[in-house]
Amino acid sequence: GLLKNGGYVTADEDGHLLLTDLGLEIATKINERHRVISELLIKIGVDRKTAEEDACKIEHAISDTSFAAIKAHLEKAGMLD
């Protein structure tokens, strides 16, 4: 209900959920944050399981400004695949 009311998903006649353009934009943003933060944590020595779990928490709380700075730093250092 929250996702539908927020305009992130719609439901077809069979009840299948479909992402709206806004939903896809948010999902893409969160996915990128998860990938970059997980990769950073792994590269600094955190085991993969913990890095994935922590990235799930951080990706929703980090500001756009801080995330952009981290991503730019990693790209400049050649640390992003």
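**Helices, loops and salt bridges in a predicted model**

Helix α3 covers residues 48–61, a run of 14 residues. From its first C-alpha to its last, α3 reaches 20 Å, close to the 20 Å expected at 1.5 Å a residue. The structure described here is a predicted model, and α3 offers a friendly place to start reading it. At Ala55, helix α3 bends by about 25°. Ala55 also appears among the buried residues of this helix, which are Ala51, Ala55 and Glu59. The spacing of such residues can be followed with a simple rule: an α-helix has 3.6 residues a turn, so residues three or four places apart point the same way. And what do the buried residues of α3 pack against? Their packing partner is helix α2.

Helix α2 is the next element to consider. It runs over residues 21–43 and contains 23 residues. Its reach from first C-alpha to last is 33 Å, close to the 33 Å expected at 1.5 Å a residue. The buried residues of α2 are Gly23, Arg33, His34, Val36, Ile37, Ser38, Glu39 and Leu41. The cover over these buried residues includes β2, α3 and α4, the last of these spanning residues 64–76. The contact with α3 can thus be read from either side: the buried residues of α3 pack against α2, and α3 is included in what covers the buried residues of α2. After α2 comes Gly45, with a positive phi near 110°.

Leu22 also belongs to α2, but it is not one of the residues under cover. With a relative accessible area of 37%, Leu22 is partly exposed. Together with Leu3, Tyr8 and Ile26, Leu22 makes a nonpolar surface patch of about 320 Å². Patch members must have over 30% relative accessible area, and Leu22, at 37%, passes that cut-off.

Just ahead of α2, the chain passes through strand β2 (17–19) and then a loop, where Thr20 lies. Is Thr20 buried or exposed? Thr20 is buried, because its relative accessible area is 18% and the limit for a buried residue is under 20%. Its contacts, leaving aside neighbours within four places in sequence, are Gly7, Tyr8, Val9 and Thr10. Tyr8 is thus a contact of Thr20 as well as a member of the nonpolar patch.

Leu17, in strand β2, gives a contrasting case. This residue counts as exposed, at 56% relative accessibility. Not counting residues up to four places away in sequence, Leu17 touches Val9, Thr10 and Ala11. Val9 and Thr10 are therefore met twice, once as contacts of Leu17 and once as contacts of Thr20, with the limit for contact being heavy atoms within 4.5 Å. Leu17 and Leu3 are 14 residues apart along the chain, and their C-alpha atoms are separated by 9.8 Å.

Charged side chains form the last part of the picture. Side chains of opposite charge can pair when their charged atoms come close. How many salt bridges does the structure hold? The count is six. One of them joins Lys29 to Asp64, with the closest N and O atoms 3.1 Å apart. Lys29 lies in helix α2 and Asp64 in helix α4, so this pair ties together parts that are 35 residues apart in sequence. Both partners are partly exposed: Lys29 has 34% relative accessibility, and Asp64 has 47%.

A salt bridge also forms between the side chains of Lys71 and Glu32, at 2.3 Å from N to O. Because Lys71 lies in helix α4 and Glu32 in helix α2, the pair links parts that are 39 residues apart in sequence. Lys71 counts as partly exposed, at 22% relative accessibility, and Glu32 is partly exposed too, with a relative accessible area of 23%.

The salt bridge between Glu52 and Arg48, at 4.0 Å from N to O, brings the account back to α3. Both residues lie in this helix, four residues apart, which is about one turn. Glu52 is partly exposed at 29% relative accessibility, whereas Arg48 is exposed, with a relative accessible area of 55%. Elsewhere, salt bridges that share partners join Lys29, Arg33 and Asp64 into one network. Arg33 in this network is also listed among the buried residues of α2.

Note on methods:
Residues numbered from 1 in each chain as written. Predicted model: local features only at pLDDT ≥ 70, side-chain atom pairs only at ≥ 80, totals over all residues. Heavy atoms only, no water. Patch = residues over 30% accessible without salt bridge, like charges linked within 9 Å, V, L, I, M, F, W, Y side chains within 5 Å. Areas by Shrake-Rupley, 256 points an atom, 1.4 Å probe, with all protein chains shown as cover. Helix = DSSP H or I, 4+ residues; strand = E, 2+ residues; numbered from the N terminus. Buried < 20%, exposed > 50% of the residue type's maximum accessible area, 1.4 Å probe, protein only. Expected span 1.5 Å × (residues − 1). Bend = angle between axes of the 7 residues up to and from the residue.
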